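Student: Could you take me on a close look at one part of this structure, and then show me how that part sits among its surroundings? I would love one connected answer that I can follow on the screen.

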Amino acid sequence: MATSSTDQEASFAFHNPAPLTDGDLTLVLIDRMPGNPTRNWLPSYHFAMRHADTGEHLGHIDLRIGMTPHLLRYGGNIGYEVLEKHQGHRYAARSCRLLLPLARDHGMAELWITCDVDNIASRRTAELAGFALVDVLPLREEDHPDAYAEGRRFTCRYRLLL
C-alpha cells in the first residue's frame with residue numbers, strides 16, 4: 001500500500017550519500033528538494049552526471065524517495081536526461097545503478113521508472129539498469145496534464161525490486 005506523501009514528509013530525513021562513481025562516471029549531488037504534497041512531489045535528490053576525470057557535465061538524474069499512487073502510475077522514482085552529445089555511453093543506466101545503495105539506505109523495497117511508450121532510449125535505459133517492464137498504462141489528461149499536453153497517451157512502467 002502506498003504511504004501518503006504527507007506521512008512521508010513528517011518522518012523524512014535526507015542522507016549524505018556515499019561517493020557515487022563507477023570509475024569514469026560520477027554523480028555529484030546538486031540539490032535536495034523537500035516534497036510538495038499538493039503537486040504530488042516526494043522528497044528528492046538531484047545529481048549532475050559528470051565525467052570522473054574531466055568533470056565534464058554529461059546530464060542529470062533525480063531520485064524521488066517514497067511512493068504515492070501518482071508516482072507509481074506516472075512519475076517514477078528515477079528521472080534522467082543525458083546531453084545529446086554524450087548519449088550512447090549508457091550514462092543514464094549506469095547512473096540508475098549508482099543510485100541503488102541510496103534508495104536502499106532509505107528503506108526502499110522497489111524503484112519505478114516511467115516513460116513514454118515511444119521513448120525507446122528511455123525504455124532501453126530502464127532495461128539496461130535492470131528494471132523490468134510491468135505494464136503500459138493509458139494516460140488521462142487529469143492524471144498528468146503536462147505530459148498529456150505534450151502528446152503522451154501511454155506510459156510504460158518499469159520496476160526494480162531492491
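Student: Why is there no bond between the sulfur of Cys156 and the closest cysteine sulfur, in Cys115?

Tutor: Happy to help! Please keep in mind that this is a predicted model. The two sulfur atoms are too far apart for a bond, because the sulfur of Cys156 lies 4.9 Å from that of Cys115, its closest cysteine sulfur. To count as a disulfide, the pair would have to be within 2.5 Å. In general, a disulfide is a covalent bond joining the sulfur atoms of two cysteines. Searching the whole structure turns up zero disulfides, and for Cys115, too, the nearest cysteine sulfur is the one in Cys156, 4.9 Å away. Are these two cysteines buried or exposed? Cys156 is buried, with a relative accessible area of 0%, and Cys115 also counts as buried, at 4% relative accessibility.

Now let us look at the strands around there. An open sheet of three strands has the order β6-β8-β7, with antiparallel pairing. On your screen, β8 covers residues 154–161, β6 covers 110–116 and β7 covers 132–138. Both β6 and β7 stand at the edges with a single partner strand each, so one side of each has no neighbour in the sheet. From one strand to the next, the twist averages 25°. Between β6 and β8 there are seven bridges, and the two strands run antiparallel. You can pick out one example: Trp112 has Arg159 in β8 as its bridge partner. As a general point, strands of a sheet pair through backbone hydrogen bonds, either parallel or antiparallel.

From here, Phe131 is a good residue to visit. Setting aside neighbours within four places in sequence, Phe131 is in contact with Trp112 and Arg159, and its other contacts include Ile78, Leu111, Ile113 and Tyr158. Phe131 also belongs to the largest nonpolar core, which has 32 residues. Together with Met49, Ile61, Ile78 and Tyr80, Phe131 is among those with the most contacts inside that core. Which elements give two or more residues to this core? They are β2, β3, β4, β5, α3, β6 and β8. The largest share, nine residues, comes from α3.

That core leads us to another sheet. Five strands make up an open sheet in the order β1-β2-β3-β4-β5, and the pairing is antiparallel. At its edges stand β1 (20–21) and β5 (78–82), each with a single partner strand, so one side of each is left without a neighbour in the sheet. The helix α3 packs on this sheet, touching β1, β2, β3, β4 and β5, and its direction makes about 40° with that of β4. Within the sheet, two bridges join β1 to β2, and Thr21 stands opposite Thr26 in β2. The two strands form a hairpin with three residues between them, and Gly23 in the turn has a positive phi of about 115°. Next along, β2 and β3 pair over eight bridges in the antiparallel sense, with Leu27 opposite Met49 in β3.

Finally, follow α3 (91–105) towards β6, where His106 has its place in the loop between them. His106 counts as buried, at 18% relative accessibility. Beyond its neighbours within four places in sequence, His106 is in contact with Phe12, Ala13, Phe14, His15, Tyr45 and Ile65.

Note on methods
Residues numbered from 1 in each chain as written. Predicted model: local features only at pLDDT ≥ 70, side-chain atom pairs only at ≥ 80, totals over all residues. Heavy atoms only, no water. Buried < 20%, exposed > 50% of the residue type's maximum accessible area, 1.4 Å probe, protein only. Helix = DSSP H or I, 4+ residues; strand = E, 2+ residues; numbered from the N terminus. Contact = heavy atoms within 4.5 Å. Pairing = 2+ DSSP bridges. Axes fitted to C-alpha atoms, helices over the stretch in contact; angles between N-to-C directions. Core = buried A, V, L, I, M, F, W, Y, C linked by side-chain atoms within 4.5 Å.
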